[in-house]
Amino acid sequence: MSTNRTTLSGIPTTPADPAIPPLWFVVPEGFHALPVDAEPGTRLSAADAFARELFPEGDAHLWESAAPFYAGLTEVFADAGLAYSAMGVFSDDNGGVVHFSFTVGAIESPYATPDEAAGAIVQSLGRDPGNDSRRITLPCGPAVSNISVREITIGAQLTATGEETKLLTGQIQVFIPFPTQRFIAIFTLDTAAMEYWGEICDMTVAVLETVSFEDP
């Protein structure tokens, strides 16, 4: 995976969630958005369409077997209040695939100003020694980035070898207070493709620099 393969499309994305104020951002062409805004009765058909988009070279068996999984994932994300969720899929230099998840949500903020919100967030996150929390400034205003790397255990029943294994995963989470409404946008990227961590961080920065609270 190289950053020149993750050029931003230039087409702003805006979550279709009436519960939060509008915001816009641009993602690379390798992002495939889950249908989190689909009505419950149409999620399976929407997930089938998503599977066909995600695996364009697949066949009917693959699409039909994958659709229920993505329908369930969509339901979990929608119930969690996420306004946008996507799978990032890019080819690497060895014929493999770099895969990660990317979500956007928003929560109400008790703070009067974006600066006050950012200060409180970075102080709270900094209490965990496993976090690398920093206050940053984006084109849209103050924000807080929080990076963590964790080792998780995968049970033997889920591995190809039948043995328990350890997996290193990374998370990038960025909290961006809305400038005029008492809400905080939360952008989250999770991946196990740690060999491409640097490129993924660069791509995430590029996406965050496009965030806007005004219709571009």
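How many residues does the largest nonpolar core have, and which of them have the most contacts inside it? The points below address this and the surrounding architecture of what is a predicted model.

1. The largest nonpolar core has 36 residues. Those with the most contacts inside this core are Phe-25, Phe-31, Tyr-84, Phe-102, Ile-176, Phe-187 and Ile-200. At least two residues of the core come from each of strand 2 (84–91), strand 3 (97–108), strand 6 (165–177), strand 7 (183–191) and helix 4 (197–208). The element that gives the most is helix 4, with 6 residues.

2. Phe-102 may serve as a point of entry when viewing this region. Leaving aside residues up to four places away in sequence, Phe-102 touches Phe-25, Val-27, Phe-31, Tyr-84, Ser-85, Ala-86, Phe-187, Thr-188, Leu-189 and Val-207. Apart from the largest core lies another, of 13 residues, which includes Val-36, Phe-50, Ala-66 and Phe-77.

3. The strands form an open sheet of 7, arranged in the order 1-2-3-7-6-5-4 with antiparallel pairing. Strand 1 and strand 4 are the edge strands, each of them pairing on one side only. On average, and with direction ignored, neighbouring strands of this sheet are turned by 25° against each other.

4. At one edge, strand 1 (31–33) pairs with strand 2 in the antiparallel sense over 3 bridges. Within strand 2, Met-87 is the bridge partner of His-32. Strand 2 also runs antiparallel to strand 3, to which 8 bridges join it; here Ser-91 stands opposite Val-97 in strand 3. Of the 8 residues of strand 2, 6 are buried, so this strand is largely enclosed by the rest of the structure.

5. At the other edge, strand 4 (residues 132–138) and strand 5 (residues 141–154) are paired in the antiparallel sense over 7 bridges. A hairpin of 2 residues joins strand 4 to strand 5. Two facing positions can be located here: Arg-134 stands opposite Ser-145 in strand 5, and Arg-135 stands opposite Val-144 in strand 5.

6. Two helices should be examined together with the sheet. Helix 4 lies across strand 1, strand 2, strand 3, strand 4, strand 5, strand 6 and strand 7, and runs at about 20° to strand 6. Helix 3 (residues 114–125) packs on the sheet, where it touches strand 4, strand 5, strand 6 and strand 7. The direction of helix 3 makes about 25° with that of strand 5.

7. Helix 1 (residues 43–54) consists of 12 residues. From its first C-alpha to its last, helix 1 reaches 16 Å, close to the 16 Å expected at 1.5 Å a residue.

8. Which residues of helix 1 are buried? They are Arg-43, Ala-46, Ala-47, Phe-50, Ala-51 and Leu-54. These residues lie on the same side of helix 1, because they cover an arc of only 145° around the axis. The buried residues of helix 1 pack against strand 1, helix 2 (60–79) and strand 2. Phe-50, one of these buried residues, is also among the members of the 13-residue core.

Technical notes:
Residues numbered from 1 in each chain as written. Predicted model: local features only at pLDDT ≥ 70, side-chain atom pairs only at ≥ 80, totals over all residues. Heavy atoms only, no water. Core = buried A, V, L, I, M, F, W, Y, C linked by side-chain atoms within 4.5 Å. Buried < 20%, exposed > 50% of the residue type's maximum accessible area, 1.4 Å probe, protein only. Helix = DSSP H or I, 4+ residues; strand = E, 2+ residues; numbered from the N terminus. Contact = heavy atoms within 4.5 Å. Expected span 1.5 Å × (residues − 1). Arc of directions from axis to C-beta. Pairing = 2+ DSSP bridges. Axes fitted to C-alpha atoms, helices over the stretch in contact; angles between N-to-C directions.
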